[in-house]
Amino acid sequence: MKKILDSLKNLKVVLFGAGGNGRITLEKLIDNGITPSYFVDNNRDITNIFGGRRIFSVNPPEVLLNEDKSNLKIIISSDWYEEIEAQIKEMGLGECLFSRNIKCCDWIIHILLGFQDDKIVFCCESSSDFNWDRPKFPYLDTAEETILNFLQKRETLIEELNNKSDIDIAKPCINCTRLREYDLFGDNKIKTISVSCYPSICQAKCIYCGVYTNPQNNFENAKHSHYPKMITEMILYLQKNNLIADNCLIIFTPAEITIMPHKDLLLDATAGYRAQFTTNGFVFEPKIADSLKKNGSDILVSLDSGTRTTFKLVKGLDLFEKTVDNLKRYRHYGKVKIKYNILSGVNDSDIDGIIDILKALNISYMNLSFEYHMPLRTAFYPIVKFVNRLKENGLSFAFYAYYSVHQIDNFIERYFTAEYQNEYEQKNDHLREVFRNEFINDYETYKQYVYHIEIRDLIKRFKKGTRFALLGLASLDNNIISTFQKLGVPLLTPNLPYNESYNAAKENADIFIIRNKAKFHDVKAYVESNGGDGKRLLDVEKYYYSFEPAKLFSERNIAEEYLK
Ligand code: SF4
Ligand code: SF4
């Protein structure tokens with residue numbers, strides 16, 4: 001977003017849409033040092049808007065025809081996005097940006113184009129709480145028809161999720177935990193493309209993989225698959241029509257890209273973009289190495305072993321040395337990520353071998369997982385041991401699995417009996433520490449976890465005894481409430497509209513917490529006009545999205561007197 005905002009600095013910016021969203025967009029632009037020239041709106045009743053200590057005129061759209069198009073950027077700040085975009089196109093005014101507040105999910109927002117087998121999907125299969133029935137659309141006769149259908153269906157999906165039409169396409173989404181409010185700013189281009197081609201072709205026979213056991217995925221079927229060619233045609237169509245963002249990420253998930261039919265076509269078509277290649281590492285592919293070097297791409301290899309014997313046991317092939325050698329070659333070009341799927345009794349004693357490999361590759365970080373069909377009880381102890389050894393060697397990791405923190409808690413309560421603890425010399429507290437604090441069940445939980453840590457660290461920076469209150473927060477803010485509870489820091493007035501919260505707490509609170517970017521300015525104005533001090537407002541929204549360490553104080557200089 002910052003890049004887009006920076007690109008506006010030397011252009012004449014006009015906002016199309018003078019309603020509530022227009023005002024929010026105006027503040028966002030002013031905050032980022034961009035002053036729009038004026039508004040346009042199809043509604044002739046609004047003539048002026050006040051914001052940023054000045055008055056902006058609201059004109060009919062026809063005035064845009066007098067502007068120098070080469071120097072003009074129109075930002076649609078209206079809920080009638082589709083209609084206005086068509087209107088702008090019809091007026092011959094070129095591409096525009098949009099600014100909208102909508103309910104949807106990360107995948108819809110990043111405009112994931114997920115090619116999977118014979119269909120396009122909207123979200124990643126591992127990220128929708130086992131909601132396998134996610135929105136999907138079959139390939140149509142031509143690349144053009146398929147892509148246009150996808151884009152149109154995506155808009156309909158957003159409309160349905162935002163109560164603008166009856167639920168049809170969005171049926172699989174309505175109870176999805178990924179849904180939330182987004183403050184969107186940018187263009188409408190595809191930002192993530194995920195390529196997953198089945199029938200799958202892969203030389204390995206990993207003991208935890210279901211791919212090669214499916215008769216559909218035999219080599220004969222897979223090597224004649226025409227899907228990679230169709231996908232290439234669709235990507236080329238998108239490129240030709242300027243529908244892919246320059247910073248688009250291409251994700252190659254199984255099948256094995258290095259031996260995929262038509263792989264050269266596919267790799268050539270995507271050669272200009274950053275990519276994540278999931279590969280078994282058996283084959284060194286120069287085009288992948290090139291992408292590591294030129295585009296900052298990375299490869300992810302599930303090595304799952306630290307010795308030749310274990311490798312053969314897990315992967316079904318005697319290619320340990322060759323794979324490690326290929327990883328060294330790839331490492332020479334760029335980023336290599338290693339994943340270790342911990343399999344109790346199979347590869348959990350290879351820890352020293354894998355640590356040596358990580359050191360030889362100069363990699364300090366590893367993705368961990370475990371086979372989720374395995375009973376948790378069997379899996380836990382090897383995981384704890386593994387994790388401890390990594391830590392002793394100064395290596396960090398992220399742990400992905402399909403269990404929620406809540407499930408882990410229940411599990412520890414139920415199964416970690418005194419006998420079990422004695423048997424493994426593990427104490428429940430230690431297990432809790434590893435699994436509650438370091439066990440990451442999925443991307444969304446990971447984000448909540450990071451958010452929790454950041455908010456926790458933020459709160460710890462205040463002097464003991466500082467009194468906090470929440471202003472006008474929504475259901476998602478249970479995260480904040482629980483973080484305060486865990487820290488034992490009292491929090492006043494949760495879950496009331498911000499004006500009621502402020503009035504109820506203004507005599508008793510030092511710091512007011514708000515987690516709603518869109519409303520921050522409204523709340524600030526309200527607090528100031530009611531005799532309050534805006535410096536006591538702490539906007540924690542950015543922590544949720546940014547994933548960045550706390551920077552807020554250096555940016556906003558809030559409430560210095562309460563800091564340690
Ligand atoms: S099922 Fe969930 S993650 Fe998938 S597109 Fe719908 S809202 Fe997004
Ligand atoms: S390398 Fe991947 S796709 Fe191939 S058998 Fe192993 S897990 Fe399955």
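Sorted by class, the residues in the shell around ligand 1 come out as 10 nonpolar, 3 polar and 2 charged. Keep in mind that this is a predicted model. Besides the ligand site, there's an open sheet of 7 strands to look at, plus a helix lying across several of its strands and a pair of packed helices, α5 and α7.

**Around the ligand**
- Ligand 1 has 15 residues around it, and the nearest of them are Cys-105, Phe-122, Cys-123, Cys-173 and Cys-176.

**The sheet**
- Reading across the open sheet, the strands go β3-β4-β2-β1-β5-β6-β10, and the pairing is mixed.
- The edges are taken by β3 (48-51) and β10 (180-186); each has a single partner strand, so one side of each has no neighbour in the sheet.
- On average, neighbouring strands here are turned by 25 degrees against each other, if you ignore direction.

**Who pairs with whom**
- Strands β2 (residues 38-40) and β4 (residues 54-59) run parallel and are joined by 2 bridges. If you want a spot to look at, Phe-39 has Val-58 in β4 as its bridge partner.
- β5 and β6 also pair in the parallel sense, over 2 bridges. Look for Ile-76, which sits opposite Phe-98 in β6.
- β6 and β10 run antiparallel, with 7 bridges joining them. Lys-103 faces Glu-181 of β10 in the pairing, standing opposite that residue.
- As a general point, side chains in a regular strand alternate between the two faces of the sheet.

**A helix across the sheet**
- Helix α2 (residues 20-31) lies across β1 (12-16), β2, β3, β5 (72-76), β6 (97-104) and β10.
- Relative to β3, α2 runs at about 45 degrees.

**Two packed helices**
- Two numbers do the describing for packed helices: the angle between their axes and the distance between the axes.
- For helix α5 (residues 143-161) and helix α7 (residues 227-240), the angle is about 65 degrees and the axes are 9 Å apart. That makes α5 roughly perpendicular to α7.
- The crossing of α5 past α7 is right-handed.
- On the α5 side, the contact involves Ala-143, Glu-144, Thr-146 and Ile-147; on the α7 side, they meet Met-230, Glu-233, Met-234, Tyr-237 and Leu-238.
- By class, the residues of this α5 and α7 contact divide into 6 nonpolar, 1 polar and 2 charged.

Terms used. Residues are numbered from 1 along each chain as its sequence is written. Chains are lettered from A and ligands numbered from 1 in the order in which they are written. This is a predicted model: local features need pLDDT of at least 70, side-chain atom pairs count only at pLDDT 80 or more; totals for chains, interfaces and linings use all residues. A residue is near a molecule or strand if its C-beta atom, placed from the backbone, lies within 6 Å of it. Ala, Val, Leu, Ile, Met, Phe, Trp, Tyr, Cys and Pro count as nonpolar, Asp, Glu, Lys and Arg as charged, and the others, Gly among them, as polar. Two strands pair if DSSP finds at least two bridges between them. Helices (H or I, at least four residues) and strands (E, at least two) are DSSP runs, numbered from the N terminus. Axes are lines fitted to C-alpha atoms, for helices over the stretch in contact, and angles run from 0 to 180 degrees between N-to-C directions. Two residues are in contact if their C-beta atoms, placed from the backbone, lie within 7 Å. Angles under 35 degrees count as roughly parallel, over 145 as roughly antiparallel, 65 to 115 as roughly perpendicular and the rest as oblique. A crossing is left-handed if the near helix is turned anticlockwise from the far one by less than a right angle, and right-handed if clockwise.
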